[in-house]
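Please look over the model below before reading on. My notes follow as numbered points.

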Amino acid sequence: HEVVNGLLCRPDARQRLTSLAIAAFPVGSGNAFAANAGISSVPRALWAIARGQVAHLDVMKIWQHSDNESGGREEGVAAGLPRGPPTPRYALLNFLFGIASDCDFLSERFRFLGELRFLVQGLVEIVRFHPMRYHARLELLIPEAPLEMRQCCSDPAVCNSCASSGEKQCQAAVESLLGSLPPASAPGFKWLTIDDGFSFFVGSTMGRIAASTLACPFAHLGDGFIDICLSRGSKAPSRLDALSVLMSLDSGSHIGHPALEYFKARALRLVPRYHHGFLGVDGERLPVRELSLEVHRAVVPALVSPPEPNWEAHPQGPSSGRFPYLRLSSWTALLVAAALGVLAVALLCQLTGMCFGLHQLRAWFGSRSSARVGLN
């Protein structure tokens with residue numbers, strides 16, 4: 001995220017975008033960017049660098065007024081103070097709010113669990129679930145004609161839809177990206193407005209929002225769209241629905257769930273009617289405030305992993321190393337988390353019992369000493 005923003009804010013960004021490519025090493029807790037590039041281990045990352053196969057990725061350009069630009073947040077605008085031009089920022093991966101962003105940011109305390117932290121925090125969010133907790137007005141710029149939804153094969157080197165983004169970006173696309181404000185409309189597109197509660201909202205230009213979370217299976221590298229998966233509060237989704245969606249995110253089988261809707265959009269506007277929680281962009285927190293977003297197609301060159309060799313069978317593959325990855329399904333991880341919870345409760349009860357026993361023993365010795373003093 002920081003690399004892309006630093007690159008696109010340079011005065012020579014146009015030249016840099018044609019002379020270099022970015023690469024990812026999967027050494028974080030989410031590893032979403034690497035997973036979408038087909039890089040599952042450090043050896044695969046080195047193989048991708050050595051081969052130099054490039055795909056051009058979509059970039060999201062985001063506008064949000066800062067405090068000093070609006071004279072002190074929305075209060076300044078309401079008081080009639082002039083609103084300055086918003087400062088743009090750029091993102092490659094996703095835009096989240098609702099349960100999705102809460103799972104991302106509130107799970108920082110469980111970072112030692114790796115990817116399992118998202119599932120643990122997700123269970124916490126289900127306990128305090130409310131379908132209308134995040135009320136907002138959402139405007140989506142969607143195609144007038146329905147698009148064919150084709151699932152990505154998860155290998156950007158061989159997926160036809162992802163491979164089409166390998167063409168060199170044109171100067172017009174870069175000039176548009178470095179322009180000012182998003183367009184009010186576009187030929188062949190229409191605005192869809194949804195004013196509702198959103199318990200679940202994920203917008204992503206790539207299929208995976210984490211290495212083990214396939215939230216938007218119809219997203220492709222460089223197709224020029226942000227794929228949006230959301231749940232409306234007016235449809236009254238239950239905690240059981242939320243749990244079912246959470247448990248299906250690893251395989252992408254949540255698509256088609258009656259509580260969810262799926263869109264492909266070129267741009268969006270969000271006007272939150274709440275002031276709690278977070279807005280998340282590529283894992284970075286944004287203030288809960290009006291936001292505009294536009295997708296620019298196939299702008300940033302990135303290295304992707306060719307489909308060979310088979311690193312999973314290699315002795316130095318992803319199963320090796322000091323901190324091996326845990327490749328667990330969501331249900332297995334849920335059982336492990338439940339077992340750890342039961343163990344923690346048992347240990348707490350044991351410690352409580354020991355403290356109670358020591359207190360009883362101390363009281364008994366105290367009573368014996370008092371009895372001796374009375375006899376003397």
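The points below take up the aromatic pairs, the nonpolar cores, the charged side chains and two single residues.

1. Status. This is a predicted model. Every value below should be read with that in mind.

2. Phe-95 and Phe-201. There are eight aromatic pairs. In one of them, the ring centres of Phe-95 and Phe-201 lie 5.8 Å apart, with the planes at 70°, so this pair is edge-to-face. Phe-95 belongs to strand β3 (residues 94–98) and Phe-201 to strand β5 (residues 189–204), so the pair ties together parts that are 106 residues apart in sequence. Both Phe-95 and Phe-201 are buried.

3. Phe-189 and Phe-225. This aromatic pair is tilted, at 6.3 Å centre to centre and 40° between the planes. Phe-189 is in strand β5, while Phe-225 is in the loop between β7 (213–214) and β8 (226–232); the two are 36 residues apart. Phe-189 has 15% relative accessibility and therefore counts as buried. Phe-225, at 11%, also counts as buried.

4. Aromatic cluster. Phe-95 and Phe-201 reappear here: together with Phe-97 and Phe-198 they form one aromatic cluster.

5. Core. The largest nonpolar core has 28 residues. Which of them touch the most other members? They are Phe-95, Phe-97, Ile-228, Leu-268 and Leu-293. Strand β4 (residues 135–143) gives the most to this core, with four residues. Beyond four places in sequence, the contacts of Phe-95 include Phe-201, Val-202, Leu-268, Leu-270, Leu-279, Val-281, Leu-291 and Leu-293. Another core, of 25 residues, lies apart from the largest one; among its members are Ile-22, Val-59, Leu-92 and Val-304.

6. Charges over rings. Phe-225 also has a charged partner: Arg-266 lies over its face, 4.8 Å from the ring centre. Arg-269 has its charged end over the ring of Trp-191, 4.3 Å from the centre.

7. Salt bridges. The structure holds ten of them. Glu-125 and Arg-133 form one, at 3.7 Å from N to O. Is Glu-125 buried or exposed? It is buried, with a relative accessible area of 1%. Arg-133 is partly exposed, at 26%. Glu-139 and Arg-137 form another salt bridge, at 3.1 Å from N to O. Here Glu-139 is buried, with a relative accessible area of 13%, whereas Arg-137 is partly exposed, at 27%.

8. A buried bridge and a network. Lys-264 and Asp-227 meet in a salt bridge of 2.9 Å, N to O. Lys-264 sits in strand β9 (residues 261–265) and Asp-227 in strand β8, so to speak of distant parts of the chain is fair: they are 37 residues apart. Both side-chain partners, Lys-264 and Asp-227, are buried residues. Elsewhere, Arg-10, Asp-12 and Arg-16 are joined into one network by salt bridges that share partners.

9. Pro-272. This residue is in strand β10 (residues 267–272). It counts as buried because its relative accessibility is 15%, and the cut-off is under 20%. The C-alpha atoms of Pro-272 and Arg-137 are 6.4 Å apart, although 135 residues separate them along the chain. Outside four places in sequence, Pro-272 is in contact with His-135, Ala-136, Val-288, Arg-289 and Glu-290.

10. Arg-208. Strand β6 (residues 208–210) contains this residue. Arg-208 counts as buried, at 19% relative accessibility; the limit is under 20%. Its side chain reaches the backbone oxygen of Ala-211, at 3.1 Å.

Conventions
Residues are numbered from 1 along each chain as its sequence is written. This is a predicted model: local features need pLDDT of at least 70, side-chain atom pairs count only at pLDDT 80 or more; totals for chains, interfaces and linings use all residues. Side-chain values use heavy atoms; hydrogens and water are left out. Buried means under 20% relative accessible area, exposed over 50%, partly exposed in between (1.4 Å probe, protein chains only). A polar contact is a pair of N or O atoms within 3.5 Å; within protein, one must be able to donate a hydrogen and the other to accept it, and residues adjacent in sequence count only if both atoms are side-chain atoms. Rings of Phe, Tyr and Trp (its six-membered ring) pair if their centres lie within 6.5 Å; planes under 30 degrees apart count as stacked, over 60 as edge-to-face and the rest as tilted. A charge sits over a ring if NZ of Lys or CZ of Arg is within 6 Å of the ring centre and within 35 degrees of the ring normal. Contact means heavy atoms within 4.5 Å. A nonpolar core is a set of buried Ala, Val, Leu, Ile, Met, Phe, Trp, Tyr and Cys residues joined through side-chain atoms within 4.5 Å. A salt bridge is a side-chain nitrogen of Lys or Arg within 4 Å of a carboxyl oxygen of Asp or Glu.
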